[in-house]
Amino acid sequence: MPYADPEKKREYMKRYNPKYYESTKEPRKTVSKNTGKKRVLREEKTAFITETLGSVCATCGDEEASIKVAENYSPLPKAIADHSWIHINLMLMNGVFSLICSDCRKYGAPSDNH
Ligand SMILES: [Zn+2]
């Protein structure tokens, strides 16, 4: 609201400011909303990779398998689930990921030892 007279404007703002600050007292929580969305997206990407790879350890069939990045691509510049869908699809098509259980990760797959 334009006021030519600064004194009038000051008076107007004196009445307006308390109303404004009262109505915006509650924080908008934009940060937690965004991290929530990001968490869901990461979970979706991880689930997609796991399902595409068959959901079990590629070596022994254990269902408690996690995603492993092929050695010549490891470490990736950022977390697996932080990559774009396009990059995730490309990496899946090119065999960058595999599923491995904690035992095979720890002791090596039978094929590594023969
Ligand atoms: Zn295994």
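Start at the N terminus and follow the chain: the elements of the protein run α-α-β-α-β-α. That comes to four helices and two strands. Keep in mind as you go that this is a predicted model.

**Stop 1: the whole chain.** Show every residue and turn the view around. The C-alpha atoms fill a box of roughly 90 × 25 × 20 Å along the principal axes. How does the radius of gyration compare with that of a compact globule? A compact globule of 114 residues would be near 13 Å, but the protein has 27 Å. Buried residues make up 9% of the 114 residues.

**Stop 2: colour by confidence.** The mean pLDDT of the protein is 89, and 94% of its residues reach 70 or more. Now select residues 6-23, which form helix H1, and then residues 85-93, which form helix H3. Among the elements, H1 has the lowest mean pLDDT, 85, while H3 has the highest, 97. Where pLDDT is low, the predicted coordinates should not be read in detail.

**Stop 3: helix H2.** Select residues 30-52 to bring up H2, a helix of 23 residues. From its first C-alpha to its last it reaches 33 Å, close to the 33 Å expected at 1.5 Å a residue. Is H2 largely buried or in the open? Of its 23 residues, the number buried is one, so H2 lies largely in the open. Next, click on Gly54, which follows H2 and has a positive phi, near 95°.

**Stop 4: the two strands.** Select residues 65-69 for strand S1 and add its partner S2; the two run antiparallel and are joined by five bridges. To see one facing pair, pick Val69, which stands opposite Phe97 in S2. S2 is mostly covered, with four of its five residues buried.

**Stop 5: the core.** Which residues make up the largest nonpolar core? Select Cys57, Ala65, Leu99, Ile100, Cys101 and Cys104, six residues in all. Strand S2, residues 97-101, gives the most to this core, with three residues. Then centre on Ala65 and look at its neighbours: leaving aside residues up to four places away in sequence, Ala65 touches Val56, Cys57, Leu99, Ile100 and Cys101.

**Last stop: contacts along the chain.** Zoom back out and think about which parts of the sequence meet. Among contacts between residues at least 6 apart in sequence, 78% join residues at least 24 apart. The contact between Ala65 and Leu99 is a good one to look at again.

Conventions
Residues are numbered from 1 along each chain as its sequence is written. This is a predicted model: local features need pLDDT of at least 70, side-chain atom pairs count only at pLDDT 80 or more; totals for chains, interfaces and linings use all residues. A nonpolar core is a set of buried Ala, Val, Leu, Ile, Met, Phe, Trp, Tyr and Cys residues joined through C-beta atoms within 7 Å. A residue is buried if 20 or more other C-beta atoms lie within 10 Å of its own, exposed if 12 or fewer, and partly exposed in between; C-beta atoms are placed from the backbone. Two residues are in contact if their C-beta atoms, placed from the backbone, lie within 7 Å. The expected span of a helix is 1.5 Å times one less than its number of residues. The radius of gyration is taken over C-alpha atoms; the globule rule is 2.2 Å times the number of residues to the power 0.38. pLDDT is the predictor's confidence in each residue, from 0 to 100. Two strands pair if DSSP finds at least two bridges between them.
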